[in-house]
Amino acid sequence: MDVQVQHGRGRADARATRARPAVTPPVDILENEAEILLLADVPGATAAELNLTVEHGVLSLQAKTPALTGEVLLRESADADYQLAFRLPRGVDSDHIAAALKDGVLSVKLPKRETARSRRIPVSA
Amino acid sequence: MLLDSWRANPNAFFRSPFFTFDPWALERQSAPAVVTDDGQNFVVSLEIPGVPEADIQLTVTGQTLTVSAKRKLEVPEGYVVHQQGRQGGAISRSFRLPAKIDADSARAVVRDGVLTVTLPRAAAEKARAIQVQAAQPSA
């Protein structure tokens, strides 16, 4: 499912309303010619409860995890939401960031600006 | 590449105020589990983001649930990996439940990267409410 990326203000708002503790999800960072690809494990998070914002060159993620019901016999993961901040490298086109959530994996595509892409320079003899 | 400067000095990135240090990450289980008991069922949840149903095997032996799964982290074609924080590989976990379970009625579902196995208590083990009746008023 696609995740909407919000710009400005959102991060401060989300921080103000956050009540539960938060942990940083494990992240992979990949890159190709056209983009940087960020993959984060956020099992239990749903697109409706996930906020992605870009502000001051920082991409922020906030995602809620569902509360448990019944008596807890074992708990290995922290009773916490997800929170992540990633400073966007210069050259990322922050207006065209696309994100999707599938099976608990969030993938965020950070496209490079045309000027930031590496180019092959032909060498003439 | 864009991230080369960051790669030259990755610690500067982690020390930035925007990066939250996560003490759990150092000793994180390959698939952290949560087990709950609602009186009728034991519910075992395992975090297995990105693992398809076909790669999960569940077995119940007596009071023990065993989960085997394989998490493949494939790098998409044409990408360079700068940081790998996610863990892949084989997952094998066993849970001994504190009471007998009805294995035939067990259900399992994968949703949002979480495997949830619901194991009903065996009939004889279910908690029964006992009605308390008012005593007849003595004459």
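**Asp103(A), a partly exposed residue with a charged partner next door in the sequence.** With 37% relative accessibility, Asp103(A) lands in the partly exposed group. This is a predicted model, so treat the picture as a prediction throughout. The partner here is Lys102(A), and the two side chains meet in a salt bridge with 3.5 Å from N to O. Lys102(A) itself is exposed, with a relative accessible area of 59%. Side chains of opposite charge can pair when their charged atoms come close.

**Arg20(A) and Asp79(A), a salt bridge between two loops of chain A.** Have a look at the gap between these side chains: the closest N and O atoms are 2.3 Å apart. What does this pair tie together? Asp79(A) sits in the loop between strand 8 (71-75) and strand 9 (81-87), while Arg20(A) sits in the loop between helix 1 (10-17) and strand 3 (22-23), so the contact joins parts of chain A that are 59 residues apart in sequence. Both ends are partly exposed, since Asp79(A) has 44% relative accessibility and Arg20(A) has a relative accessible area of 24%. The pair also belongs to a network of salt bridges that links Arg20(A), Arg75(A), Asp79(A) and Asp81(A). Over all chains, the count of salt bridges comes to 12.

**Arg121(B) and Asp37(B), a salt bridge between buried residues.** Over in chain B, these two side chains meet with 2.6 Å from N to O. Arg121(B) belongs to the segment after strand 8 (114-120), and Asp37(B) to strand 1 (residues 33-37), so to speak a link between distant parts of chain B, 84 residues apart. Are these residues buried or exposed? Both Arg121(B) and Asp37(B) are buried.

**The open sheet of chain A, with its strands in the order 2-6-7-9-3.** You can follow 5 strands across this sheet, and their pairing is mixed. Which strands stand at the edges? They are strand 2 (5-7) and strand 3; each has a single partner strand, so one side of each has no neighbour in the sheet. Strand 2 runs parallel to its partner, strand 6 (residues 50-55), and the two pair over 3 bridges. To find one of these bridges, start at Val5(A) and look for its partner in strand 6, Leu52(A).

**Leu106(A) and the largest nonpolar core.** This core has 29 residues, and those touching the most other members are Leu50(A), Leu52(A), Leu59(A), Leu106(A), Val108(A) and Leu110(A). Strands 4 (27-31), 5 (35-41), 6, 7 (58-63), 9, 10 (98-102) and 11 (105-111) of chain A each supply at least two of the core residues. Zoom in on Leu106(A): beyond its neighbours within four places in sequence, its contacts include Val3(A), Leu38(A), Leu50(A), Leu52(A), Leu61(A) and Ala99(A). There is also a second, separate core of 20 residues, with Ala31(B), Leu46(B), Ile56(B) and Leu97(B) among them. In soluble globular proteins, nonpolar side chains tend to be buried together.

**Where chain A meets chain B.** Quite a few residues take part: 43 from chain A are in contact with 42 from chain B. The area buried between the two chains is about 3,800 Å², and carbon and sulfur atoms give 59% of that. Which three residues of chain A supply more of its buried area than any other three? They are Ile29(A), Glu31(A) and Glu76(A), with 18% of what chain A buries against chain B. Charged pairs cross over as well, with 4 salt bridges between the chains. One salt bridge to look for joins Arg71(B) and Asp41(A), at 2.8 Å from N to O. For the complex, the predictor gives an ipTM of 0.79 and a pTM of 0.74.

**Chain B, its layout and its less certain stretch.** Chain B has 2 helices and 8 strands, and along the sequence they follow the pattern α-α-β-β-β-β-β-β-β-β. Of its 139 residues, 35% are buried. Ala124(B), in the segment after strand 8, is exposed, with a relative accessible area of 70%. Its C-alpha atom is 9.6 Å from that of Ile101(B), a residue 23 places away along the chain. The mean pLDDT of chain B is 81, and 76% of its residues reach 70 or more. Go carefully around residues 12-28 of chain B, though, where pLDDT stays under 50. Where pLDDT is low, the predicted coordinates should not be read in detail.

Notes
Residues are numbered from 1 along each chain as its sequence is written. Chains are lettered from A and ligands numbered from 1 in the order in which they are written. This is a predicted model: local features need pLDDT of at least 70, side-chain atom pairs count only at pLDDT 80 or more; totals for chains, interfaces and linings use all residues. Side-chain values use heavy atoms; hydrogens and water are left out. pLDDT is the predictor's confidence in each residue, from 0 to 100. Contact means heavy atoms within 4.5 Å. Helices (H or I, at least four residues) and strands (E, at least two) are DSSP runs, numbered from the N terminus. Buried means under 20% relative accessible area, exposed over 50%, partly exposed in between (1.4 Å probe, protein chains only). Two strands pair if DSSP finds at least two bridges between them. A nonpolar core is a set of buried Ala, Val, Leu, Ile, Met, Phe, Trp, Tyr and Cys residues joined through side-chain atoms within 4.5 Å. Buried area is the accessible area (1.4 Å probe) that two parts lose on being put together, summed over both.
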